[in-house]
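Student: I would like to learn how charged pairs and strand pairings are read from a model. Could we work through a case together?

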Amino acid sequence: MDDFFYFANMSGVGAGVEDIQLGSGTLAVAYLRYADKNVERGTTGLPVKQALDLRLRELKVSENDRLHLWLAQAYVAPGNGEDISSGTPAAIEYEAASGTAVGARWRHNFTSSRNDVAVIYGTSIMQSLTMDDSAFVTTSANIKDANRLRVVEAYDMEMSEKWGLQVAAIYELADSGASTKSKSHWYSVGARPIYFFTQHYHLAFEAGMSIVKRDSETSISGSVGERILNRVTIAPEVALGKGFYSRPVLRAYVTHSWW
């Protein structure tokens with residue numbers, strides 16, 4: 001309902017292996033690359049972010065509890081070229097930088113529900129907690145001092161034969177690395193109930209609110225402002241089966257948002 005990979009979006013090209021048995025869980029290892037096409041005539045071609053991604057999955061804590069652990073170490077190389085992101089080529093120099101992201105997700109399984117608590121932290125070029133952002137760091141950037149902390153609570157349940165529900169809450173504290181007014185806060189809450197008419201025909205509802213507050217965004221008087229987004233959705237859907245995570249699913253939806 002918040003429309004992003006809260007734990008880690010490491011979309012990119014590369015290769016890896018998974019399901020390596022390790023204790024009570026499994027290990028997944030991947031080497032990933034993301035090339036930034038916003039730079040032309042680079043001294044080393046397109047700037048590239050490279051990362052080694054490690055996942056320890058389904059570590060058994062108890063009969064109903066599982067722990068997922070994540071570590072990603074990324075690197076970008078130095079060079080120079082022309083930035084074309086604004087439409088007008090501009091000469092830039094970029095420097096070597098590295099960054100780390102770590103995360104943990106604890107899942108407790110109930111009879112007909114589950115609860116996830118996740119904590120994720122990233123630094124420098126991994127502060128965005130994603131793979132497919134900028135693959136270069138300009139010499140004037142403060143990215144080496146940037147970091148981001150994200151905490152997520154998500155609860156899913158099948159309330160009855162006719163109702164399913166998901167609720168989620170997110171808090172994020174980010175630091176851009178700038179010398180002043182570098183902090184930002186993000187709060188988000190949402191709920192999605194689904195009514196199952198039959199095995200294949202459902203009706204989903206959704207409501208949510210996000211609040212973003214950045215120190216760098218000030219009014220004429222100098223006070224710090226907040227950006228608030230509210231949204232409600234209704235979505236009839238056709239699915240392969242009944243259940244909150246039944247896939248594939250085809251939806252027609254109407255959303256009203258106000259900012």
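Student: Are Glu 172 and Arg 148 buried or exposed?

Tutor: Please keep in mind that this is a predicted model. Both Glu 172 and Arg 148 are buried. Side chains of opposite charge can pair when their charged atoms come close. Here Glu 172 forms a salt bridge with Arg 148, with 2.7 Å between the closest N and O atoms. Because Glu 172 belongs to strand β12 (residues 163-175) and Arg 148 to strand β11 (residues 147-158), the pair ties together parts that are 24 residues apart in sequence.

Student: Which residue forms a salt bridge with Glu 161?

Tutor: The partner of Glu 161 is Lys 242, and their closest N and O atoms are 3.1 Å apart. This pair links distant parts of the chain, 81 residues apart, with Glu 161 in the loop between β11 and β12 and Lys 242 in the loop between β15 (224-239) and β16 (249-251). Glu 161 is exposed, at a relative accessible area of 60%, while Lys 242, at 35%, counts as partly exposed.

Student: How many salt bridges does a search of the whole structure find?

Tutor: That search finds 15 salt bridges.

Student: How many buried residues does strand β1 have, and in which sense does β1 pair with β2?

Tutor: In a regular strand the side chains alternate between the two faces of the sheet. Strand β1 (residues 13-22) is hardly covered, and the count of buried residues among its ten residues is zero. Strands β1 and β2 (residues 25-35) pair in the antiparallel sense over eight bridges, and the bridge partner of Val 13 in β2 is Arg 33. The two strands form a hairpin with two residues between them, where Gly 23 in the turn has a positive phi of about 65°.

Technical notes: Residues numbered from 1 in each chain as written. Predicted model: local features only at pLDDT ≥ 70, side-chain atom pairs only at ≥ 80, totals over all residues. Heavy atoms only, no water. Buried < 20%, exposed > 50% of the residue type's maximum accessible area, 1.4 Å probe, protein only. Helix = DSSP H or I, 4+ residues; strand = E, 2+ residues; numbered from the N terminus. Pairing = 2+ DSSP bridges. Salt bridge = Lys/Arg side-chain N within 4 Å of Asp/Glu carboxyl O.
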